[in-house]
Amino acid sequence: MATIEDPAVRFGHPMGADRRLVRWAEMLAWFRDVASVSDRVRYEKLGSATEGQPFVLLTISAPENLERLEHFQTIQARLADPRGLDPAIVPGLLEEARCIVLVTCSIHATEVGATQMTPELVYQLATRNDPETLRILDNVILLLAPSLNPDGLELVADWYAATVGSPYEGSAPPRLYHTYAGHDNNRDWFMFTQVETRLTVEKVHNVWRPHVVFDLHQLSSEGPRYVVPPFIDPYDPNVDPILQQEASLIGQAIATDLTAAGKAGVATNIIFDAYSPSRAYQHYHGGVRVLAEAASVRIATPLTIAPEQLRASRGFDPKVASWNHPLPWPGGEWRLRDIVEYNLIATLAALNHAAAYRDRWVRNFLQVSRHAVATSSPYAFIIPANQRDPVTTYEMLDVLAIGGVEIERATKPFQAAGRTFPTGSYVVRVAQPYGRFAKTLLETQNYPDLRLYPGGPPKPPYDVTTHSLPLQMGVETVEAPHPFPAALQRVEQVSPPIGRIVGTRAHTGDVWLLDPRVNATARAVNLLHRAGASIARIDPGAGLPEERHGAFVVTNIDAEAVERIAAETYSQVVIVPHAELRGSERALRRPRIGLYRSWRPNAIDEGWTRFVLERYTFSFSTLRDRDIRTGSLGARFDAIIIPQQSLRDILDGNSHREYPQEYAGGIGEQGAGNLRRFVEAGGTVITLDSASELAIRHLAVPVRNVLEHLRAATFFNPGSLMRLLLDQQHPLAWGYPPETAVFFVNSPAFDVSGGAWAVGRYPQSGGLLSGWMLGEEHIQGKAALVEARVGRGRVVLFGFRPQFRAQARGTYRLLFNALYLSTLES
């Protein structure tokens, strides 16, 4: 029988050796070789990542388990939904089931230690025959994702290879390490926008329903050496109490094994909470997500850390011993090999716990499922038919469906929650296996007021404090607290609206009309522009219905092209006699768009902006720092978007000490001056969130950020959904109701003076819709969406993130309207 080659021999060095990274193709070749000779290991390519790298899964267990994988999947499915489960067969299922453990590695691609550990883990499990290993193989089915971001892994490896031995060794690559999401790729676990998320959820999570997800990360180098649960408060109250205790139990078991192995600096119950579902899909699907964070090195370059360089943060001091940090690390050399060793011990500890307590994990999984189907409050959420934006409504329902949520549709009108709902309304009952996933996404959040100490400043959350999809997406959703009678039919597959032409052209003067309230209209408009159509927008007049405010009028194109584009974009295109249009028409030219893209390593907002523009078929060009410094912007662009980024990062960019000349520096004073000249000559600059400081300081707008000098103890809003009142007559707000919800993340708020128009303002009271905010009085009545005229052009300032993580779809059209305003006839 062929032997399995030790990875240290195969790759010519131990895993985690200084300044050495095993490349993805080499690693996959070794995994395939192992699977070809081992009856304990299976290799599967699940698909391709965004830029084409193979996305793979290894399944590791005893040979007799691997021969019956579908059988164990069936057991998991039955235990996940105990409705109708015959009590007589339950003991047999519990006895036969295996503990399913999913280990996910290096979703953040500069955090290379987890991926580099996996060959040693696979080698041990494939070759050892000691009692501990055999117990793991017998009782556990290990699903190993060696990298959740293989494109980024190769990007980082390329950059590291190019810079090792240079002054720039160990710096982060000067681009996002995920094509669109950058570091936010682990915040996509309820929206499922990225290819890698979908592959993992649809082909691993939903197939296997793991009891344990062990998610390996890295954190800064100056703190603890390793962090595992218990998580700190708050937990999302929708996470079952059993799971909260299990996460603490297995986290402490991991910490115990690390400490017993002499690994210092292991901390629990610090920094990381479990509030947001964006990072914890399994918490709503019967299992636990166990986060591990190892102290980083400079990719694969070791560090020497003196004791005085260890820094206290978020109330934790790595130099001090405590119950949750009993063996502090004294400082010294810290290497990639250390990360590999800590990760290997931790992963084996998690597998040992799963094996030793297989019966408890399986039994508690069933109990969590029973709790889920017995939930009684609220009874249901109702998504009424006839929404303003039926396509975005479909997208929200599709998110729920991907998460395994059961959706029903009314075949007759019904009454609930004190009102009547029409036929076609959707109902999501909470008493179902994944009802808690639906509940956390469909309700509003009331984040607790947590302080660093009594009467002290706010305790920052690890992520944002809200995730309510109806508010983010602009989809009306009604919570029904009590049961109600209704004729309902199960929706087996959520389908988008059928795009079509409504009506018949009776005269040559008839025009096609597109609804400005629908996000998908932007896709249709952009495709129609590309096909050569003439497009105008209706400038609203007195008495004009809301759906006509800024409606798109399409002419000079054949009906076949319109019909094709309507079908492709799920759009309803209405034929209207031209004489019936009230309000003046303003011609809309196809805008030439520039999107600023910094060389800073994690300019995440640009990636999300680019993702949204691509999905809605906007044509745009990337603008780098040098492009803006060079000038002549008006010859190429009508509109330039500056995504959310600090003013310092925009102006100064990367340090010349850490990056080669081509990646160092920002737009500088010269670039800021060129942007001002671009605006004065008639161009449009659109600044998102904190990037609006560039407009205030350098583009001569009569706007002031009223929050600029306020401390967190006075005003604090780390990520909440806010009510914004809109001027519906202004082109930026065309297609919107009088108010909408916007995502505020440590954002600015504005006072405006002459020459600036406040298109959106926060109300005088009741501004917080979901999340957490202190000091609301400081933004009451303040502007958050502004058009400021400068010379012959304009600057549009967003005091929020209209495209936040591709979740805030209810405010996409504010950004789209700003782009269209750049070429809208005066």
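Which residues of α16 are buried? In this predicted model, the buried residues of α16 are Ala520, Thr521, Ala522, Arg523, Ala524, Val525, Asn526, Leu527, Leu528 and His529.

## Helix α16

Helix α16 covers residues 520-530, and ten of its eleven residues are buried, so the helix is largely enclosed by the rest of the structure. Gly532 follows α16 and has a positive phi, near 100°. Leu527, one of the buried residues of α16, also belongs to a nonpolar core described below.

## The six-stranded sheet

Six strands form an open sheet with mixed pairing, in the order β20-β24-β21-β23-β22-β25. The edge positions are taken by β20 (500-502) and β25 (584-588); each has a single partner strand, so one side of each is left without a neighbour in the sheet. On average, neighbouring strands of this sheet are turned by 35° against each other, direction ignored.

At one edge, β25 pairs with β22 (residues 534-539) in the antiparallel sense, over five bridges. Ala536 has Ala587 in β25 as its bridge partner. Helix α17 (residues 559-569) lies across three strands, namely β20, β21 (510-514) and β24 (572-577). The helix runs at about 120° to β20.

## Two nonpolar cores

The largest nonpolar core has 150 residues, and the members that touch the most others are Phe214, Tyr226 and Ile254. Helix α11 (residues 336-356) gives the most to this core, with twelve residues. Leaving aside residues up to four places away in sequence, Phe214 touches Leu102, Val103, Thr104, Tyr226, Ile254, Val290, Ala292, Ala346, Thr347 and Ala350. Tyr226 and Ile254 thus appear both among the contacts of Phe214 and among the core members with the most contacts to other members.

A second core is separate and has 67 residues, among them Leu527, Leu595, Ala806 and Tyr820.

## Aromatic pairs

Across the whole structure, a search finds 33 aromatic pairs. One of them joins Tyr226 and Tyr342 in a tilted arrangement, with 5.8 Å centre to centre and 40° between the planes. Tyr226 lies in strand β6 (residues 226-228) and Tyr342 in helix α11, so the pair ties together parts that are 116 residues apart in sequence. Tyr226 counts as buried because its relative accessibility is 0%, and Tyr342, at 4%, also counts as buried.

Phe552 and Tyr820 form an edge-to-face pair, with 5.6 Å centre to centre and 70° between the planes. This pair links distant parts of the chain, 268 residues apart: Phe552 is in strand β23 (residues 552-555) and Tyr820 in helix α23 (residues 812-821). Phe552 is buried, with a relative accessible area of 3%, and Tyr820 is buried as well, with 2%. The two residues are part of one aromatic cluster that also includes Tyr616, Phe618, Tyr812 and Phe816.

## Charges over rings

Where does the charged end of Arg225 sit? The charged end of Arg225 is placed over the ring of Trp334, 4.8 Å from its centre. A second arginine, Arg505, lies over the face of Trp512, at 4.4 Å from the ring centre.

Technical notes. Residues numbered from 1 in each chain as written. Predicted model: local features only at pLDDT ≥ 70, side-chain atom pairs only at ≥ 80, totals over all residues. Heavy atoms only, no water. Pairing = 2+ DSSP bridges. Helix = DSSP H or I, 4+ residues; strand = E, 2+ residues; numbered from the N terminus. Axes fitted to C-alpha atoms, helices over the stretch in contact; angles between N-to-C directions. Contact = heavy atoms within 4.5 Å. Core = buried A, V, L, I, M, F, W, Y, C linked by side-chain atoms within 4.5 Å. Buried < 20%, exposed > 50% of the residue type's maximum accessible area, 1.4 Å probe, protein only. Phe/Tyr/Trp six-rings, centres within 6.5 Å; stacked < 30°, edge-to-face > 60°. Lys NZ or Arg CZ within 6 Å of the ring centre and 35° of its normal.
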